[in-house]
Amino acid sequence: MQEGIALTEATYYILLALYKPQHGYGIMQEVEARSNGRVRLAAGTLYGVLSSMVDKHWIVQLPIDPGSRKKNYQITELGLTVLQNEVERLRELVVNGDNVLGGK
């Protein structure tokens, strides 16, 4: 399936943000907040990543409300699996690092 994929930090945070439906600006704000300001997405970068994730079926664009220009996105079951696999991969990295460094 989608195992063995190492996500970029931006992709990881975007998938986290899309656990609930969001529009582009909301995604940018949530990513910045969750990363403590470390990850700041420009609009062009965000929409490029979103387009790629739609193509991979990790997220879907929800129907646009009449009279609105906001595009809302939501994570799919496949995207959730990718995200869960990444969390497990990151846990393993931390455990291995702690084992080598003695938990310091």
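This report describes the overall make-up of a predicted model, then its helix packing, its buried positions and two loop residues.

## Overall architecture

The protein has four helices and three strands, and read from the N terminus these elements follow the order α-β-α-α-β-β-α. Taken along the principal axes, the box filled by the C-alpha atoms is roughly 55 × 30 × 20 Å. The exposed surface of the protein comes to about 6,800 Å², of which carbon and sulfur atoms supply 52%.

Of the 104 residues in the protein, 31% are buried. When contacts between residues at least 6 apart in sequence are considered, 52% of them join residues that are at least 24 apart. One pair illustrates how sequence separation and spatial separation can be read together: Gly-26 and Leu-101 are 75 residues apart in sequence, and their C-alpha atoms are 38 Å apart in space.

## Helix α1 and its surroundings

Helix α1 spans residues 9–17, and because seven of its nine residues are buried, α1 is largely enclosed by the rest of the structure. The buried positions in α1 are Ala-10, Thr-11, Tyr-12, Tyr-13, Ile-14, Leu-15 and Ala-17. These buried residues of α1 pack against β1, α2, α3, β2, β3 and α4, the last of which covers residues 77–101.

Some of the buried residues of α1 reappear in its helix contacts: Tyr-13, for example, is buried and belongs to the contact with α2, whereas Thr-11, also buried, takes part in the meeting with α3. Ile-14 of α1 is named in the contact with α2 and again in the contact with α3.

## Packing of α1 against α2 and α3

The axes of α1 and α2, the latter formed by residues 24–34, come within 9 Å and cross at roughly 115°; the two helices are therefore roughly perpendicular to each other, and α1 passes α2 in a right-handed crossing. On the α1 side the contact is made by Tyr-13, Ile-14, Leu-16 and Ala-17, and on the α2 side by Ile-27, Glu-30, Val-31 and Arg-34. Sorted by class, this contact of α1 with α2 has six nonpolar residues, no polar residues and two charged residues.

For α1 and α3, the axes come within 11 Å and cross at roughly 70°, an angle that makes α1 roughly perpendicular to α3. Here Thr-11, Ile-14 and Leu-15 of α1 meet Leu-46, Val-49, Leu-50 and Met-53 of α3. By class, the contact of α1 with α3 has six nonpolar residues, one polar residue and no charged residues.

## Buried positions in α2 and β1

In α2, the buried residues are Gly-24, Gly-26, Ile-27, Met-28, Glu-30 and Val-31, and what covers them includes α1, β1, α3 (43–55) and β3 (72–75). Gly-26 lies in helix α2 and has a relative accessible area of 8%, so Gly-26 falls under the 20% limit for a buried residue. Among the other buried residues of α2, Ile-27, Glu-30 and Val-31 also belong to the contact with α1.

Gln-22 is found in strand β1, which consists of residues 22–23. Its relative accessibility is 10%, and Gln-22 therefore counts as buried. Leaving aside residues up to four places away in sequence, Gln-22 touches Ala-17, Ile-27, Glu-30, Lys-71, Asn-72 and Tyr-73. Three of these partners, Ala-17, Ile-27 and Glu-30, are also residues through which α1 and α2 make contact.

## Loop residues with positive phi

Asn-36 is located in the loop between α2 and α3, and just after α2 it takes a positive phi of about 55°, a positive value in a residue other than glycine. With a relative accessibility of 72%, Asn-36 counts as exposed.

His-57 has its place in the loop between α3 and β2, the strand of residues 59–61. Although His-57 is not a glycine, its phi is positive, at about 70°. At 54% relative accessibility, His-57 counts as exposed, since the value is over the 50% limit.

Key:
Residues numbered from 1 in each chain as written. Predicted model: local features only at pLDDT ≥ 70, side-chain atom pairs only at ≥ 80, totals over all residues. Heavy atoms only, no water. Axes fitted to C-alpha atoms, helices over the stretch in contact; angles between N-to-C directions. Parallel < 35°, antiparallel > 145°, perpendicular 65-115°, else oblique. Left-handed = near helix turned anticlockwise from the far one by under 90°. Contact = heavy atoms within 4.5 Å. Nonpolar A, V, L, I, M, F, W, Y, C, P; charged D, E, K, R; others polar. Buried < 20%, exposed > 50% of the residue type's maximum accessible area, 1.4 Å probe, protein only. Areas by Shrake-Rupley, 256 points an atom, 1.4 Å probe, with all protein chains shown as cover.
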